[in-house]
Amino acid sequence: MSQDISRLDLFIDRMVSQRASLDFAITQTADMTGPIFELGLGNGRTYHHMRQRISGRDIFVFERAVASHPDSTPADEMLILGDVRETLPASVERFGPTASLIHADLGGHNREKNDVFARFVSPLIEPLLAEGGLMVSSDRMYFETLTELPLPEGVVEGRCFIYRR
Ligand code: SAM
């Protein structure tokens, strides 16, 4: 029997890694008051997780087409609707470098396309993060000024990446 990692294994690794990375980032930034940005709502699971565990910080969601579970759909005023290639630059003007935590899960099934996209959006995300803020991503990012952190316990290598300003 092949010992190759299955799609089920990959999915489980991704979910476990997202939760461990987000819990780590939430704790590390708990003293900060700046907003949180969720890039890619999808079903809304990671948004729901953050909403359950974070109080006293606004969570803004960037999404081009909302199709989330009803329990995990942000209020209209917390939704930044549109393609992040346009909404991120506009948000730099609106928010400046204030985000305490940014989580990006924008990719699909094609790893090469995800990598090209990560290279494109990295410089759009970078100016939004506050000093001491953390960025959690499902894809490797390409930042000039952020430092990649060692992964906390429970995160599978390559499934999540964490950066700090
Ligand atoms: N973390 C989410 C969850 O737990 O349910 C899943 C996110 S899903 C993998 C990716 C989402 O990113 C999709 O809803 C997709 O529409 C959104 N997305 C992808 N590219 C985008 C873009 N260029 N602009 C805005 N949203 C985008």
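# A tour of the sheet, the helices and the ligand shell

Begin by selecting His103 in this predicted model, where His103 stands opposite Val136 in strand 5. Keep both residues displayed and extend the selection to strands 4 and 5, which run parallel and are joined by five bridges, strand 5 covering residues 129-137. Strand 4 takes in residues 99-104, and because six of its six residues are buried, it is largely enclosed by the rest of the structure.

**The whole sheet**

Now widen the view to every strand. In what order do the strands of the open sheet lie? The sheet has seven strands in the order 3-2-1-4-5-7-6, and the pairing is mixed. At its edges are strand 3 (79-81) and strand 6 (147-148), each of which pairs on one side only. As background for reading these pairs, strands of a sheet pair through backbone hydrogen bonds, either parallel or antiparallel.

Go to the edge formed by strand 3, and select strand 2 (59-63) together with it; these two strands run parallel and are joined by three bridges. A convenient pair to label here is Phe62 and Ile80, since Ile80 is the bridge partner of Phe62 in strand 3.

Next, select strand 1, residues 36-39, which pairs with strand 4 in the parallel sense over four bridges. Within this pair, Phe37 stands opposite Ile102 in strand 4.

**Phe37 in strand 1**

Stay with Phe37, whose place is in strand 1, and show its surroundings. Is Phe37 buried or exposed? With 27 C-beta neighbours inside 10 Å, Phe37 counts as buried, the cut-off being 20 or more. Leaving aside neighbours within four places in sequence, the residues in contact with Phe37 are Phe60, Phe62, Ala99, Ile102 and Leu128; Ile102 is thus both a contact of Phe37 and the residue that stands opposite Phe37 in strand 4. For a sense of distance, draw a line from the C-alpha atom of Phe37 to that of Gly56, which is 19 residues away along the chain and separated from Phe37 by 14 Å.

**The antiparallel side**

Return to strand 5 and add strand 7, residues 161-164; these strands run antiparallel, with four bridges between them. Strand 6 and strand 7 also run antiparallel, joined by two bridges. The residue to center on is Arg164 in strand 7, because it is listed on both sides: Leu134 stands opposite Arg164, and Thr147 stands opposite Arg164 as well.**Helix 1 against helix 2**

Leave the sheet and select helix 1, residues 7-28, with helix 2, which covers residues 45-53. Two packed helices are described by the angle between their axes and the distance between the axes. Here helix 1 and helix 2 pack at an angle of about 35 degrees, with their axes 11 Å apart, and helix 1 passes helix 2 in a right-handed crossing. To see the contact itself, show the side chains of Gln18, Arg19, Leu22 and Ile26 in helix 1, which meet Thr46, His49, Met50 and Arg53 in helix 2. Sorted by class, this contact has three nonpolar, three polar and two charged residues.

Pick out Met50, which is found in helix 2. Met50 counts as buried, with 20 C-beta neighbours inside 10 Å. Beyond its neighbours within four places in sequence, Met50 is in contact with Leu22, Ile26, Ile36, Glu38 and Ile59, and of these Leu22 and Ile26 belong to helix 1. Between the C-alpha atoms of Met50 and Ser137, which are 87 residues apart along the chain, the separation is 14 Å.

**Arg14 in helix 1**

Move along helix 1 to Arg14, which lies in that helix. With 16 C-beta neighbours inside 10 Å, Arg14 counts as partly exposed. Which residues does Arg14 touch, not counting those up to four places away in sequence? They are Ser138 and Arg159. The second of these is worth a distance label: Arg14 and Arg159 are 145 residues apart in sequence, and 5.5 Å apart in space from C-alpha to C-alpha.

**The shell around the ligand**

Finish at the ligand, and select the 16 residues that surround it; the closest are Gly40, Gly42, Asn43, Arg45 and Arg64. Helix 2 (45-53), strand 2 (59-63) and helix 3 (84-95) are the elements that give two or more residues to this shell. Colored by class, the shell around the ligand shows five nonpolar, five polar and six charged residues.

Notes: Residues are numbered from 1 along each chain as its sequence is written. This is a predicted model: local features need pLDDT of at least 70, side-chain atom pairs count only at pLDDT 80 or more; totals for chains, interfaces and linings use all residues. A residue is near a molecule or strand if its C-beta atom, placed from the backbone, lies within 6 Å of it. Ala, Val, Leu, Ile, Met, Phe, Trp, Tyr, Cys and Pro count as nonpolar, Asp, Glu, Lys and Arg as charged, and the others, Gly among them, as polar. Axes are lines fitted to C-alpha atoms, for helices over the stretch in contact, and angles run from 0 to 180 degrees between N-to-C directions. A crossing is left-handed if the near helix is turned anticlockwise from the far one by less than a right angle, and right-handed if clockwise. Two residues are in contact if their C-beta atoms, placed from the backbone, lie within 7 Å. Two strands pair if DSSP finds at least two bridges between them. A residue is buried if 20 or more other C-beta atoms lie within 10 Å of its own, exposed if 12 or fewer, and partly exposed in between; C-beta atoms are placed from the backbone.
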